[in-house]
Amino acid sequence: MTTIRLSDGIVKDDVLVVGLSQKSSRGSLVIESGDLALETKSLLQTLGDLGATGKADEVIKVPGTSTRLIVFTGLGKNATTYDNEVLRRAAGAAARALAGNSSATFSLPAKNKEAIRAIGEGAALGSYAFSSFKGSTKGDQKTPLKTITIHTSLAAVAEVKQEAKSAEIIAQYTSLVRDLINTPPSHLTPESFCSAISDAVKKAGGAAAGLKVSVMNESQLKSKGYGGITAVGQGSVNPPRLVNISYTPKNVKSSKKYAFVGKGITFDTGGLALKPALGMEAMKSDMSGAAAVCAATIAIALLKLPVAIEAWAPLAENMVSDTATRPSDVITMYGGKTIEVLNPDAEGRLVLGDALVKAQEEDGLDGIIDVATLTGAQVVALGTRTSAVMTNNEEFSSQFLKLAARTGEAFWPMPLPIELRASLDSPVADMANIGERMGGMLVAGLFLKEFISDDLPWLHLDIAGPAYNEGQPHGYTPVGGTGIALRTLVALAEFA
Ligand code: BES
Ligand code: MN
Ligand code: ZN
C-alpha cells in the first residue's frame, strides 16, 4: 500500500517530481513546479540538450542540486490550469518510472483540492506492481514507491488532507481489483474470489464499517433456481458462487441506495464454443466487473459515504467438459425466464441475468449498475481505452458520464436499438443468449435489459477493452488489470 502525505515545507525526499509543459507558440519548455520555487535556467538548458518535449508520458530524470534527482513529467500543452486527468496521468507516469525508489515528493501545478486528489491518485495508482507469483526472480523486481509526498501550500487545510486520504483509499482498492484480475485462474476460482473478498471486508473493519458479506454455494444456487450461474459453472471442477456485499452507512441516514452487479467469470474458455488459443490467456480478466463492484463497495464504506450499496458478484469458471452446457440447451434463469443457450461463450449475460434479478429484490433501490467484460464487440466499437454505457434512463446515464469525466475514466454512451431485440427471439425458449452479430455489444445490452424492471434506472457498463491492458503501460495504468470503473462507482456515492 502506498501512503500519501502532504507538505508545504522543504523537500526532504531524494527525489522531486515536477511538471514539464510545452508552450504551443515556439515549442519552448515550461517547468511547472507548483508551489515550489525552482531555479529553472540551467534546468531548461539541460532539458533542451536532452531533447525534452514535455509531452504526456515523457519522464526525464536529471541530477538535482537540493534533491538527488529531479524528475520531469510531461503535462503536454502549457496551460494556466491543467485538467485533473492530465495531472493524474503525469503523476502516474512519474511514479511508474520511479519504481525502485521508496519515496518521492511531487510538486505539480495544483490549484485546489480536486487537483491535489488527482495527483495523489495518479502517483499512488502508478505505484503498483504485481509480484505475488515471482519466485526466484522476485529480487530482480523493482518495488514501487511506498511513500508519496505532495508538495502544496494547501497542506494544512483539513479538506485537502481528506482528499489525500481519499486518494489513498481509491488507490488501495484499485490495487485490490488489479491483483484479483492479475491472479491466474490456477489461483483465483469462484471460491477463492469469495475468500479474498471476505478477507478484504474483514480488513476494512467488517460490521464496524457497515459491511456484511454473504456467499451462496453451488447447491444453494441450484436449489434456489439460479439457472444462469449454475449452467455456466457446471463444466468446471471449481463450482460457481454468488457473493453479496452490503454496505449500510453508520450513524447517518443514507441518501440513496444502489445495487452494483459485476460479471465474475474467473476464466472464460468459451466453453464448448471454445475460444482460439491465441489471446485466451487474457480471459483471466473476465472477472474484472466483479472485482470492481466489490472493491468499490469496500472503498465507499471506508470513505464513510452516506449511500447504501448492495453489490453482487456472480462467479463461475466457463470450462469445456462433458458436463459443460451444450449449444441448444435450455436453462431457467432466476426469476423464471427460459433461455436457449445457442453459444456457451455468451456466458456473461447468463450469470448477470440471475444476479440482476436477485439484486432487484431489494426494496428502495435508486438505481442498478452492472459492470462487465461482456463483449468483444465493445473493443471493436470503442477500442481498448473507452468503455461503454447503456441505459434505460438518460438522466442516470448523463449523471454517470459527468462523474466519469471528473474521475478521468473514459466512458461513452451507446444506444439500445429496439429493432435489434427481435434477433434474440428463440423458437424454443423465452429468449436465446445470442442474436444479430452486428452491434453485438448492443444486443448483449438488450439481453440484460430483459432482466431489468422498466421503472428502475439502470446502467450497463461494458468494460471489455479497458479492464485489461495488453499493450504498453501509460500514465497511471499498468500492464494487466487496470481497475477501471472503480473510481466512477465510488464517485457516484461521493457526489451524487
Ligand atoms: N468475455 C468475453 C468478452 C470479451 C472479449 C472480454 C474480449 C474481453 C475481451 C465474452 O464472454 C464473450 O466471449 N463474448 C462473446 C459473445 C458472442 C459469443 C455473442 C464475444 O464477444 O465474442
Ligand atoms: Mn465468453
Ligand atoms: Zn466472458
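Here is a short tour of a predicted model, going from its two domains to the contact between them.

Start by colouring residues 3-151 as domain 1 and residues 170-494 as domain 2. If you drop a marker at the C-alpha centre of each, the two markers sit 35 Å apart. Where the domains touch, domain 1 brings 16 residues and domain 2 brings 21.

Next, show the surface of the two domains. About 1,600 Å² is buried between domain 1 and domain 2, with 60% of that area coming from carbon and sulfur atoms.

Now for the polar side of the same interface. Nine residue pairs make polar contacts between domain 1 and domain 2, counting pairs with both residues at pLDDT 80 or more. To see what domain 1 offers here, select α2 (84-97) and α3 (113-126): these are the elements that give two or more residues to its side of the contact. That side of domain 1 is made up of seven charged, six nonpolar and three polar residues.

Salt bridges come next; the interface of domain 1 and domain 2 has two. Separately, pick R117 and E494 and show their side chains: they form a salt bridge, and their closest N and O atoms are 3.0 Å apart.

Last stop: select residues 176-490. UniProt, in an unreviewed entry, lists this stretch as "domain: Cytosol aminopeptidase". Switch to cartoon and you'll find 31% helix and 22% strand across the span. Then click on its two end C-alpha atoms, which lie 14 Å from each other.

Methods
Residues numbered from 1 in each chain as written. Chains lettered and ligands numbered in written order. Predicted model: local features only at pLDDT ≥ 70, side-chain atom pairs only at ≥ 80, totals over all residues. Heavy atoms only, no water. Domains from an automatic or database assignment. Contact = heavy atoms within 4.5 Å. Buried area = accessible area lost by both parts, 1.4 Å probe. Salt bridge = Lys/Arg side-chain N within 4 Å of Asp/Glu carboxyl O. Polar contact = N/O pair within 3.5 Å; in protein donor to acceptor, adjacent residues only side chain to side chain. Helix = DSSP H or I, 4+ residues; strand = E, 2+ residues; numbered from the N terminus. Nonpolar A, V, L, I, M, F, W, Y, C, P; charged D, E, K, R; others polar. UniProt positions renumbered as here; feature names shortened; annotations may be inferred.
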